[in-house]
Amino acid sequence: MFKKKVSMLLAMTMVVGALGVTGCGSKATGEGAVTSEDATESEAENVFEVATVRWADWGEEYHLGFPDEAATETGIEVKWNTILNADWGDKKAVLLAGGDLPDAFMGSICFSESDILTNTGSFIALDEYIDEYMPNFKSILESDPTMKALATSADGHIYGLPAKKPCRPTVANQMFINQTWLDNLGLSMPTTYEEFVDVLRAFKEQDANGNGDPSDEIPFGRGYADTVMFFCLPFGTTIGADGTYSMMVRDGQPIYIPTSEEYKEGVKWMQQCYAEGLIDAEVFTEDDSMRDAKLMSETPVIGVAPGWTADSTFGSNADQYVALPALEGPDGEQYISSDPEHWNYSRYEFVVTSACEDPGKLLSWVDKFYTEDASIQNFYGSFGVGVEKDEAAGTYTVLEPQDGNSADTYAWINSLRDFGPKYVADGFNDKVTYAAENGDASKLALDDDMRQYAREAYPNVSYTEEQLQTLATLYADISAYVDACQASWVTEGGIEEQWDDYIATLNQMGYEDFMQIQTDAYNTYMSNN
């Protein structure tokens with residue numbers, strides 16, 4: 001769209017030039033003269049349209065600080081095309097079908113790997129530009145094998161630029177328990193899975209919330225993470241942040257969790273708890289609004305649920321909840337859901353389209369994003385708005401919001417936040433403090449206590465176009481069957497008796513092919529790392 005306007009402007013300029021009209025202060029046309037046509041063409045060559053997708057209409061402040069200032073330093077102008085996520089599905093389909101592409105897209109929210117690899121004619125490989133135009137990023141690729149593995153697609157090319165975000169935890173979602181209920185009933189914090197069941201029984205049988213009704217408490221409820229995998233964590237169901245394919249890694253081998261012994265034993269234990277009424281009877285049937293009403297009811301009715309932080313899970317009741325320790329399971333081990341690569345790293349944060357006529361100049365701008373100063377500004381807001389830097393000490397302070405919004409919303413308003421290229425070295429979080437209460441600060445504090453129990457997580461692998469097509473066919477049926485069996489086994493039992501038939505049915509559905517793809521993708525990733 002912008003390029004069409006520039007073309008019209010160029011055409012008008014040529015007409016004016018042909019008529020011999022000169023403007024005030026212009027040079028006469030002749031050998032060596034700089035014409036208005038030349039100036040306009042030069043200006044147009046330095047203008048790039050960059051599209052990005054935003055969760056909500058937070059305005060245009062997100063690019064007014066560092067992103068635009070870095071563009072000016074590079075000698076280019078960025079015309080931002082801001083698209084709301086609610087509109088993106090339809091617009092994406094039109095663009096990929098042959099619409100008027102911008103020069104680039106900012107943010108991993110824009111395209112999945114499948115989008116990229118099945119539309120390679122719309123995107124360019126960036127490999128040849130990195131040496132000449134991206135010294136910061138080149139240095140990172142040479143020093144951080146994870147960034148190299150994330151940048152490299154299954155066909156060996158780099159189509160999108162990755163990120164490593166600041167101030168991110170090792171721990172993913174986790175369990176939270178109502179400390180007020182524990183105090184009301186004189187109970188200690190459970191440390192083993194047996195003690196946990198005893199606490200749930202007390203929550204069910206006694207008036208834990210103190211409202212005079214001993215029957216309205218729900219010991220364990222659905223939160224904002226996988227209900228079954230998190231309840232079964234003491235048995236080792238360590239699902240990662242990207243639960244798309246429910247994979248985990250044990251002893252260097254990819255494992256599909258719903259076919260593991262850890263899963264089977266965990267579900268058997270969960271069914272026993274469900275039969276005792278310790279788990280919300282509607283856990284598999286309620287919609288999101290019903291879940292939220294329970295989590296955030298005026299008088300708390302949920303004893304334990306999984307989520308990101310207490311405030312994001314329980315709202316105004318958050319002050320009653322604390323993190324549940326990593327419970328010791330039957331094998332004597334303690335497990336948490338940890339996935340530092342998916343929480344900290346991301347892929348395809350910047351892709352350049354086939355419409356871009358000067359990728360090198362555009363990538364010179366993006367290379368400026370790969371510094372610590374840039375990364376924290378693009379996560380919380382520019383210096384003086386979201387962050388202050390102590391130059392002498394080399395430390396940063398995340399500022400308190402000044403507009404009445406939560407810290408998280410304030411960051412989204414004033415920065416690219418989760419999206420766009422970023423990179424911070426290990427130990428960067430130690431340089432950051434917070435001027436006020438902040439969800440990121442509380443999560444990092446929890447992380448200090450829990451990260452010791454982290455296990456290797458299934459990484460953010462890359463799939464070939466053929467693998468993606470096969471997965472799309474296979475996994476819809478596999479996951480639907482797994483979900484149906486899971487709900488039946490938790491609510492009615494029968495997993496032990498039905499397990500062999502369950503595995504046989506999965507094999508008939510193509511489970512072995514599914515696992516071969518996952519294993520091949522994992523091995524390819526590890527060879528690039």
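A residue is counted as buried when its relative accessible area is under 20%. In this predicted model, W88 meets that criterion with a relative accessible area of 3%, and F111 is likewise buried, at 4% relative accessibility. The rings of these two residues form a pair, with centres 5.6 Å apart and planes at 70°, so the arrangement is edge-to-face. The pair joins distant parts of the chain: W88 belongs to helix α4 (residues 85-96), whereas F111 lies in the loop between β3 (104-106) and α5 (113-117), 23 residues apart.

A second edge-to-face pair is formed by Y245 and Y475, whose ring centres are 5.0 Å apart and whose planes lie at 75°. Here the linked parts of the chain are 230 residues apart, with Y245 in the loop between α11 (227-231) and β7 (247-250) and Y475 in helix α20. Y245 and Y475 are both buried. In the whole structure, 40 aromatic pairs are found.

One aromatic cluster comprises Y62, F66, W80, F350, W365 and F369. Within this cluster, the ring of Y62 also carries the charged end of R54 over it, 4.3 Å from the ring centre. Elsewhere, R417 is placed over the face of F379, at 4.2 Å from the centre of the ring.

Helix α20 (residues 465-492) also packs with helix α21 (residues 495-508): their axes come within 12 Å and cross at roughly 175°. The two helices are therefore roughly antiparallel to each other. The contact is made by I478, Y481, V482, C485 and W489 of α20 with I495, Q498, W499, D501, Y502, T505 and L506 of α21. Of the residues in this contact, nine are nonpolar, two polar and one charged.

Conventions: Residues are numbered from 1 along each chain as its sequence is written. This is a predicted model: local features need pLDDT of at least 70, side-chain atom pairs count only at pLDDT 80 or more; totals for chains, interfaces and linings use all residues. Side-chain values use heavy atoms; hydrogens and water are left out. Axes are lines fitted to C-alpha atoms, for helices over the stretch in contact, and angles run from 0 to 180 degrees between N-to-C directions. Helices (H or I, at least four residues) and strands (E, at least two) are DSSP runs, numbered from the N terminus. Angles under 35 degrees count as roughly parallel, over 145 as roughly antiparallel, 65 to 115 as roughly perpendicular and the rest as oblique. Contact means heavy atoms within 4.5 Å. Ala, Val, Leu, Ile, Met, Phe, Trp, Tyr, Cys and Pro count as nonpolar, Asp, Glu, Lys and Arg as charged, and the others, Gly among them, as polar. Rings of Phe, Tyr and Trp (its six-membered ring) pair if their centres lie within 6.5 Å; planes under 30 degrees apart count as stacked, over 60 as edge-to-face and the rest as tilted. Buried means under 20% relative accessible area, exposed over 50%, partly exposed in between (1.4 Å probe, protein chains only). A charge sits over a ring if NZ of Lys or CZ of Arg is within 6 Å of the ring centre and within 35 degrees of the ring normal.
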